[in-house]
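Hi,

Here is the structure I promised to pass on. Have a look at it first, and my notes follow below.

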There are 2 protein chains.
Amino acid sequence: MSVTTRPGGRSARVRADVHRAVAELVTEAQGELTLPVIATRAGVHPTTLYRRWGSLGELLEEVATSRFSGDIVVPDTGSLRGDLERWATDVATDLADPDSLALIRTTLGSGPDGGCACLGDRHDQLKAMLEREQERGGAVPTVERAADTLLGALYYRALFSRQPMDEPWIKDLVDMLLR
Amino acid sequence: MSVTTRPGGRSARVRADVHRAVAELVTEAQGELTLPVIATRAGVHPTTLYRRWGSLGELLEEVATSRFSGDIVVPDTGSLRGDLERWATDVATDLADPDSLALIRTTLGSGPDGGCACLGDRHDQLKAMLEREQERGGAVPTVERAADTLLGALYYRALFSRQPMDEPWIKDLVDMLLR
DNA sequence: CCTCTAAAGCAACGATCAGTGCGTTAGCCA
DNA sequence: TGGCTAACGCACTGATCGTTGCTTTAGAGG
């Protein structure tokens, strides 16, 4: 009794269309973001969304996870400081994009598990950089502290204070962490 | 042609009932949070909400602003370090409450201006503590840096990483800022 | 190439939503 | 205390939502 799944062909196409529709609508739809609206934009029947994802929250989590995973390559500049500065700059650039921000806000709003989805694999990326430095023999902060300092400040500015995140500010941030 | 307003009596009562209804529903209503649902819970007619607030986003912003303003008294322990530790502990306690967290998430999700509303007057409180220390003659970090470090880490853990925020962690946080 | 069935489309339903015109209640000021 | 009118309640409408049974399409394995 092999339960076969069909990830290719039409299913994959539908999935891609829906993801794209969500990404588009999330930036505009100040009015209302519902499954029927997404379905229409994607050129797909609403029933498909209800059957495949069940709720708006689950769909948004999937979109956010795939959106914020694998989008940034872990840099390798030779020093932890350089890696972190480069990586934080990339994250900041990403967060400066209104589309990304709108997706984060909407995902957070729909369901209690939206937060983790919006992080993607950034926690893992941070861990990778710290472990590499540790293997070099350097002293490194914990992943938690690095996340609190860097991701905390980055997401805070993006979501709440709306202040710009420029190069010198990022350097200060990393300096504060590694000092 | 004096445009008179009526903030007292029934209007104030309706406002209070609606705010309370939102606070209650925001924690439960995983299903759907709409103006008619809020109206029913508040014992008020839906028309009132449409006429007075216009949209769910505006109502949530108002609720969040009043919820996160004036809820914490600025401590005065004699030292900036003590003040910040005490204040951050209060903020952490507040953020640990599932109701507060649900309100923040929902408010962020409904409208682009939800972030500021969720901060309430915490930026001002931070500023007050820093300025007092400055008048004492001490060297203080900028408000922006303090917010990035403290509020950033606090809100990040509450919304994204979901890790506990205990006393030693908060002390480390303040130490990192003042060092 | 043929078969099987997972996945998508279609149609129709009850429920609820956002919005409007009008009557009613009750703050506020003279 | 009485009049004025801001603010609320009521009844109703069209639109849209979430959901379900059934049919059709098209991957994937033999």
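Read along the sequence, chain A runs α-α-α-α-α-α-α-α-α-α: 10 helices and zero strands. Bear in mind throughout that this is a predicted model. The C-alpha atoms of chain A fill a box of roughly 55 × 45 × 25 Å along the principal axes. Of its 179 residues, 36% count as buried. If you look at contacts in chain A between residues at least 6 apart in sequence, 61% of them join residues at least 24 apart.

On domains: the assignment splits chain A into domain 1 (10-54) and domain 2 (73-178). Their centres, taken over C-alpha atoms, are 29 Å apart. The contact between them draws on four residues from domain 1 of chain A and five residues from domain 2 of chain A. On the domain 1 side, that makes three nonpolar residues, one polar and no charged ones.

Next, the helix I spent some time on. Helix α5 of chain A covers residues 80-96, so to speak 17 residues in all, and spans 24 Å from its first C-alpha to its last, close to the 24 Å expected at 1.5 Å a residue. Which residues of α5(A) are buried? They are L80(A), D83(A), L84(A), E85(A), W87(A), A88(A), V91(A) and A92(A). Note that D83(A) and E85(A) are in that list. As a reminder, an α-helix has 3.6 residues a turn, so residues three or four places apart point the same way. The buried residues of α5(A) pack against three helices of chain A, namely α8 (122-136), α9 and α10 (167-178).

A96(A) also belongs to helix α5 of chain A. Is A96(A) buried or partly exposed? It is partly exposed, because 13 other C-beta atoms lie within 10 Å of A96(A), and a residue needs 20 or more to count as buried. The C-alpha atoms of A96(A) and D166(A) are separated by 10 Å, although the two residues are 70 apart along the chain.

Now the core. The largest nonpolar core has 92 residues, and those with the most contacts inside it are A88(A), L150(A), A88(B) and L150(B). A88(A) is one of the buried residues of α5(A) mentioned above. Over in chain B, and leaving aside neighbours within four places in sequence, L150(B) is in contact with L84(B), A88(B), L173(B) and L177(B). As general background, nonpolar side chains tend to be buried together in soluble globular proteins.

Finally, the contact between the two chains. It takes 25 residues from chain A and 25 residues from chain B. On the side of chain A that touches chain B, α6 (98-109), α7 (114-119) and α9 (143-161) each supply at least two residues. The most come from α9(A), which gives 13. By class, this side of chain A divides into 12 nonpolar, eight polar and five charged residues.

How do the copies relate? A turn of 180 degrees with a shift of 0.0 Å along the axis lays chain A on chain B with an RMSD of 0.1 Å. The two copies are therefore related as by a two-fold rotation axis. The same surface serves both copies, with 100% of the contact residues of chain A recurring in chain B.

Cheers

Key:
Residues numbered from 1 in each chain as written. Chains lettered and ligands numbered in written order. Predicted model: local features only at pLDDT ≥ 70, side-chain atom pairs only at ≥ 80, totals over all residues. Contact = placed C-beta atoms within 7 Å. Helix = DSSP H or I, 4+ residues; strand = E, 2+ residues; numbered from the N terminus. Nonpolar A, V, L, I, M, F, W, Y, C, P; charged D, E, K, R; others polar. Least-squares fit on C-alpha atoms with pLDDT ≥ 70 in both. Expected span 1.5 Å × (residues − 1). Buried ≥ 20, exposed ≤ 12 C-beta atoms within 10 Å, placed from the backbone. Core = buried A, V, L, I, M, F, W, Y, C linked by C-beta atoms within 7 Å. Domains from an automatic or database assignment.
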